[in-house]
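Here is a set of short exercises to work through at your own pace. Try each task with the structure open before you read its solution.

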Amino acid sequence: MRTADPCVLVIFGASGDLTARKLIPALYEMHRAGALPAKFQVLGVSRREKNDAAWRDELALSVQKHAKGWDAAAWSNFATCIHYFAGDAAQGEMYRALAERLGQFDAQDGTRGNRLFYLSVGPELYESIVQRIEDASLVTEGKRWCAIDRDERSWQRIIVEKPFGSDEASAASLNRTLGRVFEETEIYRIDHYLGKEVVQAMLVLRFANTIFEPVWNHQYIDHVQITATETVGVGNRTAFFDATGAIRDMIQSHLLQIFAFAAMEPPTVYGAEDIRAEKIKVVKALRATNASDIAAHAVLGQYAASEQEGAYHQLPGVSAGSTTETYAAIKLHVDNWRWAGTPFYLRTGKRMAKKRTEVVVQFKPPAANLFRGVAQSAGEAIGNRLVMEIAPDERTRLRFESKLPGTPFRIANVEMQVDFDKEFGVEPVEAYGPLLVDAMRGDQSLFKHGREVESGWAAVMPFLGSGSSDIRTLINANYAQGSWGPAAADEMMARDGRVWHNDE
Ligand SMILES: NC(=O)c1ccc[n+]([C@@H]2O[C@H](COP(=O)([O-])OP(=O)(O)OC[C@H]3O[C@@H](n4cnc5c(N)ncnc54)[C@H](OP(=O)(O)O)[C@@H]3O)[C@@H](O)[C@H]2O)c1
């Protein structure tokens, strides 16, 4: 494993929510863990005027609230590397002064010309900032030797937040703009779900054991459910959410990433290039759903009014007659040898019964049922089921059938589980931290490739209501707040002889 290189992290969007709530607390945690490079500076850029001291004071409050373990001395030490730069990133004039400031870091702090740009601004600014970085010649990778040390090439990398495009065409356009300025090896499309331990643990579970991989296919697996539900609503993000919806916000980004880890072929080695190549392949293998099949493959819904709170469409900031989905469940097929005939169900929703992110792998029943005359203690056989819980708990559970002690002879479904907190005694860190350090180390294993993102968009485009079959007419599937979603979603599963994994 390479250590993180000296560098300047340039955060566009310094005064924003993501920087205060996630990025700086995550960096502080990494500082305390000793994972940041010894020569490291943060330069935050946004338009409002403030000085380093004022920004550090604001960030200190946020770190106390959002990071694990406040240590005033550790913060004071870390805060010396945090700096603020006021400027409009959409205007070219700012970049000359920015380049000078970056040069000062190289000269005084040994950051070697290495830059990690972070686009933590609204997506409408992404392309224009990338273009201005190019115009200001801030990307020198591959073009000249680093001015500081002739034995080292400097690097310039860019982290791009979600949303990465709003459809297939806009994602392709953003990829083209990025590709004109940065090599693909320097573009880090971030999805913080991939910084979560259990998502990475899925690769270890699958590929460091011999007992799962031989049965990880359509012969033994009946179907897979990938769920990310929340009990909260859209909060103060109404305008953003109403223009985006649950498919774009959750399914196209996070859930397809988890899908790729669950469904990909084993890479040859645990390395970025091999992992990314396999993820691209499996996402590309997702079948484009025909317009005529959409109604049978998707349920979209909006939460209705409850006694305490109005319906989604009554929220201030939601457009009149909005058909934006707060719930979506879609069924996807993978057209490859491993998964032929085994569907993946992806669902997400706001104001649902429980906060839960998990992958449920439901195995098929045994080929012959030796115990067909034997009573099941729970009524019906559950069979073999592997549940990988990602949030709020980090747990892996395996269910199987066992004999209930005593007579008469009865069968019960039992469970083995590993709770990551209890087993390893380590509290999970903010997922952004390890990902930021990976970017400083030049490790793209947990970042999305441009082709993967475009293929992911291609798979969800049929559900976004483009073309003549307007899926948004299905939005009449309303659901009660605090429930598990529209009845139509249960009916979709029932038609396939399956049920959602809800209450266990
Ligand atoms: N917040 C989250 O939890 C979260 C999670 C996942 C992804 N994201 C993504 O991350 C990005 C940032 O989200 P956010 O929630 O932090 O947004 P935000 O709170 O609205 O912050 C936006 C930031 O951009 C700055 N900005 C706007 N125009 C600028 C310009 N022309 N030049 C320089 N700075 C400019 C703003 O500061 P000034 O007004 O002072 O310029 C502010 O610092 C978005 O793309 C969002 O989709 C956010």
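The exercises below go from the ligand to the sheet, a helix and some backbone details.

This is a predicted model, in which local features need pLDDT of at least 70 and side-chain atom pairs count only at pLDDT 80 or more, while totals for chains, interfaces and linings use all residues. Residues are numbered from 1 along each chain as its sequence is written, and side-chain values use heavy atoms, leaving out hydrogens and water.

**Exercise 1. The ligand**

Task: Find which residues come nearest to the ligand, and then look for polar contacts with its oxygen atoms.

Solution:
- Step 1. Begin with the 24 residues around the ligand, of which Ser15, Asp17, Arg47, Arg48 and Asp88 come nearest. A residue counts as near if one of its heavy atoms lies within 4 Å of the molecule.
- Step 2. Ask which element gives the most to this shell: helix 1 (residues 17–32) does, with 3 residues. Helices (H or I, at least four residues) and strands (E, at least two) are DSSP runs, numbered from the N terminus.
- Step 3. Now look for polar contacts, meaning pairs of N or O atoms within 3.5 Å; within protein, one must be able to donate a hydrogen and the other to accept it, and residues adjacent in sequence count only if both atoms are side-chain atoms. Arginine 48 places a polar side-chain atom 2.6 Å from a ligand oxygen.
- Step 4. Add the backbone: a polar backbone atom of glycine 13 is 3.4 Å from an oxygen atom of the ligand, and a backbone N or O atom of valine 121 is 2.8 Å from a ligand oxygen.
- Step 5. Finish with the area: taken alone the ligand exposes 880 Å², and the protein buries 78% of that. Accessible areas come from the Shrake-Rupley method with a 1.4 Å probe; for residues, only the protein chains shown count as cover.

**Exercise 2. The open sheet**

Task: Trace the order of the 9 strands in the open sheet and name its edge strands.

Solution:
- Step 1. Follow the order 8-9-10-7-11-13-14-15-12, with mixed pairing. Two strands pair if DSSP finds at least two bridges between them.
- Step 2. Strand 8 and strand 12 (375–376) are the edges, as each pairs on one side only.
- Step 3. Check strand 8: 4 bridges join it to strand 9, and the two run antiparallel. Alanine 298 has isoleucine 330 as its bridge partner in strand 9.
- Step 4. Look at the faces of strand 8, where Ala298 and Leu300 on one side and Val299 and Gly301 on the other are all buried. Buried means under 20% relative accessible area, exposed over 50%, and partly exposed in between (1.4 Å probe, protein chains only).
- Step 5. Move on to strand 14 (residues 395–404) and strand 15 (residues 410–419), which are antiparallel and joined by 10 bridges. Phenylalanine 400 is paired with valine 414 of strand 15.

**Exercise 3. The two sides of a helix**

Task: Which residues of helix 14 (residues 487–495) are buried, and what do they pack against?

Solution:
- Step 1. Ala489, Met492 and Met493 are the buried residues of helix 14.
- Step 2. They lie on the same side of helix 14 because they cover an arc of only 95 degrees around its axis. The arc is that of the directions from the helix axis to the C-beta atoms.
- Step 3. Turn to the face away from the buried side, which carries the exposed residues Ala494 and Arg495.
- Step 4. The partners of the buried residues include strand 7 (221–229) and helix 10 (294–297). Contact means heavy atoms within 4.5 Å.

**Exercise 4. Backbone details**

Task: Locate the cis peptide bond before proline 408 and the positive phi of serine 137.

Solution:
- Step 1. The bond from threonine 407 to proline 408 is cis, with omega near -5 degrees. Proline 408 sits in the loop between strand 14 and strand 15.
- Step 2. Serine 137 has a positive phi near 55 degrees, though it is a residue other than glycine. The loop between helix 5 (126–135) and strand 5 holds serine 137.
- Step 3. Serine 137 counts as exposed because its relative accessible area is 53%.
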